[in-house]
Amino acid sequence: MNNCIAYVNGEYCKAEDAKISIFDRGFLMGDAVYEVSAVIKGCLIDNEPHLDRLFRSLGELNMPSPANRAEIIRIQKEVISRNQLDNGEVYLQITRGSGPRDFLIKEDMQPNLVMFPLFFDPLNADNRGIAVQTLPDIRWLRRDIKTTQLLAQSLARSIAAHHGFDDAWMVDSEGYVTEGSANNAYIVKGDRIFTRYANNEILNGITRRTMFGIIKEMGLTVVEQAFTPREAILADEAFITSAGNWATPVVNIDGEMIGNGQAGAVTLELRRRYITALEQLSSE
Ligand code: PDD
């Protein structure tokens, strides 16, 4: 990780030499937004909607961007090229910048822009399916903004990992699944695919939106309706989506198998079709 080339406010440097002030509000208060775009064969995947969401997140927080859209794309590509990133992801983060620790947001704060690559091969993923543990969703109520306030998700995934699970599904106070720690959650029942409606209670995934098109192409129906862990255990299949993981089967919830505990055919077909669509989704 430390060997990569990072971008920080106009400079490319070794990640270990990259620096941000200790007074940065991203560091002190989680006052920062981020995006993660997948990269396949050196090309960004579905990047335009990721940038739309980035500018929406900034707008919702009234945070200025230190770079315009074209500049951000140019830097993303430069990060890919300087790191010879073939398959993986580009992480980008904008923080509001530094100021006195008085909790006040001031207009003259200078935002920071940071990017770095994440190396892994999404095409080489293990698709046997993952086991998830359900845990209470203890996050704030603007989960539609992609901020770096990820402590609740990080705790949830770590607790799940400690108990031998691969990930956590977070559950609201009424007993409905909101989403995974860093992904959207779905169940399959016959020819209907259920996933929670996108309001302030979940992040509206870019992969989710693209997957809706693929689901319809397959002649299946998307139902934007919340479901409980019990409904998920009794469903035909369950899966998650996110950038770089696309559709990953969920085969076990809280220790109970879904169906026969094998990755579901619908999920695997969605994944296959997403991979087939990669060329259409990629930007050089
Ligand atoms: N996470 N929900 C949450 C809470 C997320 O953090 C993410 C993405 C998603 C899926 O969004 P998308 O399809 O746009 O990637 C849903 C990224 C990958 C991360 O934090 O690494």
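Modeller: Before we start on this predicted model, one term is needed: a polar contact is a pair of N or O atoms within 3.5 Å.

Colleague: OK, so what is 2.8 Å from a polar backbone atom of Ala243?

Modeller: That is an oxygen atom of the ligand, and because the 2.8 Å separation from the backbone atom of Ala243 falls within 3.5 Å, the pair fits the definition of a polar contact.

Colleague: And which side chains have a polar atom close to a ligand oxygen?

Modeller: In Thr207, an N or O atom of the side chain is 2.6 Å from an oxygen atom of the ligand, while a polar side-chain atom of Arg53 lies 2.9 Å from a ligand oxygen.

Colleague: How much of the ligand's accessible area does the protein cover?

Modeller: On its own the ligand has 480 Å² of accessible area, and the protein covers 89% of that.

Colleague: Where does the ligand sit?

Modeller: The ligand is found in the largest pocket, and the elements that give two or more residues to the shell around it are strand 3 (32–40), helix 2 (47–60) and helix 5 (206–217).

Colleague: Which domains does the shell draw on?

Modeller: At least three residues come from each of domain 1 (5–123) and domain 2 (130–282).

Colleague: Last one: what classes of residue make up the shell?

Modeller: Sorted by class, the shell has six nonpolar, eight polar and four charged residues, and of the 18 residues around the ligand, those that come nearest are Tyr34, Glu179, Ile206, Thr207 and Ala243.

Technical notes:
Residues are numbered from 1 along each chain as its sequence is written. This is a predicted model: local features need pLDDT of at least 70, side-chain atom pairs count only at pLDDT 80 or more; totals for chains, interfaces and linings use all residues. Side-chain values use heavy atoms; hydrogens and water are left out. A residue is near a molecule or strand if one of its heavy atoms lies within 4 Å of it. A polar contact is a pair of N or O atoms within 3.5 Å; within protein, one must be able to donate a hydrogen and the other to accept it, and residues adjacent in sequence count only if both atoms are side-chain atoms. Accessible areas come from the Shrake-Rupley method with a 1.4 Å probe; for residues, only the protein chains shown count as cover. On a 1 Å grid over the protein atoms alone, a cavity is a set of points where a 1.4 Å probe fits but cannot get out, and a pocket is an open set with protein on both sides within 12 Å along at least five of seven lines; lining residues have an atom within 4 Å of a point. A molecule sits in a cavity or pocket if more than half of its atoms lie within 2 Å of its grid points. Helices (H or I, at least four residues) and strands (E, at least two) are DSSP runs, numbered from the N terminus. Ala, Val, Leu, Ile, Met, Phe, Trp, Tyr, Cys and Pro count as nonpolar, Asp, Glu, Lys and Arg as charged, and the others, Gly among them, as polar. Domain bounds come from an automatic or database domain assignment.
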